[in-house]
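Thanks for asking me to look this one over. Here are my notes, point by point, to read alongside the model.

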Amino acid sequence: PERFNRGVPGHSPELKIRREKMKTLLKVLMLTLLTANSYGAGFRLSEQSAKANGMGNSFVAVADDASAVWYNPAAITGLEGTNIELGTVMVMPSMEHKNEVGSTATEEIKSKTHVPPHFYATRKINDQWSLGLGVNAPFGLSTEWEKTSNTRFVATKSEIASVNSNLNGAYKLNDKFSFAAGLSYAKVNATLNSMVGATTEGILE
């Protein structure tokens with residue numbers, strides 16, 4: 001078998017090793033990028049419309065009400081007249097932590113109800129042009145642990161709150177194609193508090 005493999009591209013041991021290393025490197029790179037994009041996802045509010053929430057947020061291809069301003073602005077060309085939507089989502093997060101070292105007591109975050117609002121409005125100007133306005137909170141959750149909890153040196157209060165305002169215009173090219181463009185203004189406030197442990201003078205340099 002070695003006689004037939006000699007001189008054939010792609011069969012040398014060195015090339016196979018390089019390919020395996022390249023595959024491993026690509027896998028590590030992909031996992032790293034995915035992790036970097038998920039840091040704030042725990043505070044993200046994907047529920048920006050009651051109808052979209054009821055559909056499991058599989059709403060982009062449908063987008064047949066005023067919340068299309070957020071999910072698919074080009075779809076507002078299919079809405080007639082003036083449409084207004086105002087709503088909110090009530091979120092009551094829960095989380096617990098059990099320390100494996102020292103105290104094994106189970107600790108929970110403080111109970112808090114979050115009520116992030118959303119507002120959307122669309123107006124059809126003519127058969128081709130439509131305008132849309134949206135104000136919502138893509139991020140609006142927080143967690144707060146007791147200052148005596150085992151997590152106090154990592155986090156006591158963590159919060160990400162944002163308000164996003166969007167104005168867009170959509171143009172209907174034909175019955176199958178519509179295009180949209182817009183401007184967004186986002187205001188974000190982030191808080192990450194933790195306790196600082198006492199140190200003995202001379203230990204830290």
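**Notes on the predicted model**

1. Let me start with the core. In this predicted model, the largest nonpolar core has 9 residues: Ala63, Ala66, Ala68, Val69, Ala75, Ile76, Leu79, Tyr120 and Ala170. As general background, nonpolar side chains in soluble globular proteins tend to be buried together.

2. One member of that core, Ala66, is worth a visit. Alanine 66 sits in the loop between α3 (50–54) and α4 (68–71). Alanine 66 counts as buried because its relative accessible area is 3%, under the 20% cut-off. Setting aside residues up to four places away in sequence, alanine 66 touches Leu79, Asn83, Ile84, Glu85, Tyr120 and Thr122. Of these contacts, Leu79 and Tyr120 also appear in the list of core residues.

3. Next, please follow the contact from alanine 66 to isoleucine 84. Their C-alpha atoms are 6.1 Å apart, with their positions 18 residues apart along the chain. Isoleucine 84 belongs to strand β1. Is isoleucine 84 buried or exposed? It is exposed, since its relative accessible area of 63% is over the 50% cut-off. Beyond four places in sequence, isoleucine 84 is in contact with Ala66, Phe119, Tyr120 and Ala121. For a further distance check, the C-alpha atoms of isoleucine 84 and leucine 133 are separated by 9.5 Å, and these two residues are 49 apart along the chain.

4. Now for the charged pairs. The structure holds 4 salt bridges, and one of them joins the side chains of lysine 124 and glutamate 80, at 3.1 Å from N to O. This pair links distant parts of the chain: lysine 124 is in strand β4 (residues 117–124), while glutamate 80 is in the loop between α4 and β1 (82–88), 44 residues apart. The two partners differ in burial class: lysine 124 is buried, at a relative accessible area of 14%, whereas glutamate 80 counts as exposed, at 56%.

5. Another salt bridge is formed by the side chains of glutamate 159 and lysine 157, with an N to O distance of 3.8 Å. Glutamate 159 is partly exposed at 21% relative accessible area, and lysine 157 is partly exposed at 27%. With a cut-off of 4 Å for a salt bridge, you may want to keep that 3.8 Å in view.

6. Aspartate 175 pairs with lysine 172, and the closest N and O atoms of this salt bridge are 3.6 Å apart. Aspartate 175 counts as exposed, with 74% relative accessibility. Lysine 172, at 25%, counts as partly exposed.

7. Which residues make the nonpolar surface patch of about 730 Å²? They are Ile125, Trp129, Leu131, Tyr171, Leu173, Phe177 and Phe179. Phenylalanine 177 lies in the loop between β7 (157–172) and β8 (178–193). Its relative accessible area is 48%, so phenylalanine 177 is partly exposed. That value is over the 30% needed for a patch residue but does not reach the cut-off of over 50% for exposed, which is why phenylalanine 177 can belong to the patch and still be classed as partly exposed.

8. Stepping back to the whole chain, the protein has 4 helices and 8 strands. Along the sequence they follow the pattern α-α-α-α-β-β-β-β-β-β-β-β. Of the contacts between residues at least 6 apart in sequence, 59% join residues at least 24 apart. Buried residues account for 26% of the 205 residues. The protein exposes about 14,600 Å², and carbon and sulfur atoms supply 58% of that area.

9. Finally, a word on confidence. The average pLDDT is 78, and 77% of the residues score at least 70. Confidence is highest in strand β5 (residues 129–136), at a mean of 94, and lowest in helix α1 (residues 2–5), at 47. Over residues 1–5 the pLDDT stays under 50, and the model has 1 contact beyond four places in sequence for them. Residues 35–39 also have a pLDDT below 50, with 0 contacts beyond near neighbours in sequence. Where pLDDT is low, the predicted coordinates should not be read in detail.

How values were computed. Residues numbered from 1 in each chain as written. Predicted model: local features only at pLDDT ≥ 70, side-chain atom pairs only at ≥ 80, totals over all residues. Heavy atoms only, no water. Patch = residues over 30% accessible without salt bridge, like charges linked within 9 Å, V, L, I, M, F, W, Y side chains within 5 Å. Areas by Shrake-Rupley, 256 points an atom, 1.4 Å probe, with all protein chains shown as cover. Helix = DSSP H or I, 4+ residues; strand = E, 2+ residues; numbered from the N terminus. Buried < 20%, exposed > 50% of the residue type's maximum accessible area, 1.4 Å probe, protein only. Core = buried A, V, L, I, M, F, W, Y, C linked by side-chain atoms within 4.5 Å. pLDDT = per-residue confidence, 0-100. Contact = heavy atoms within 4.5 Å.
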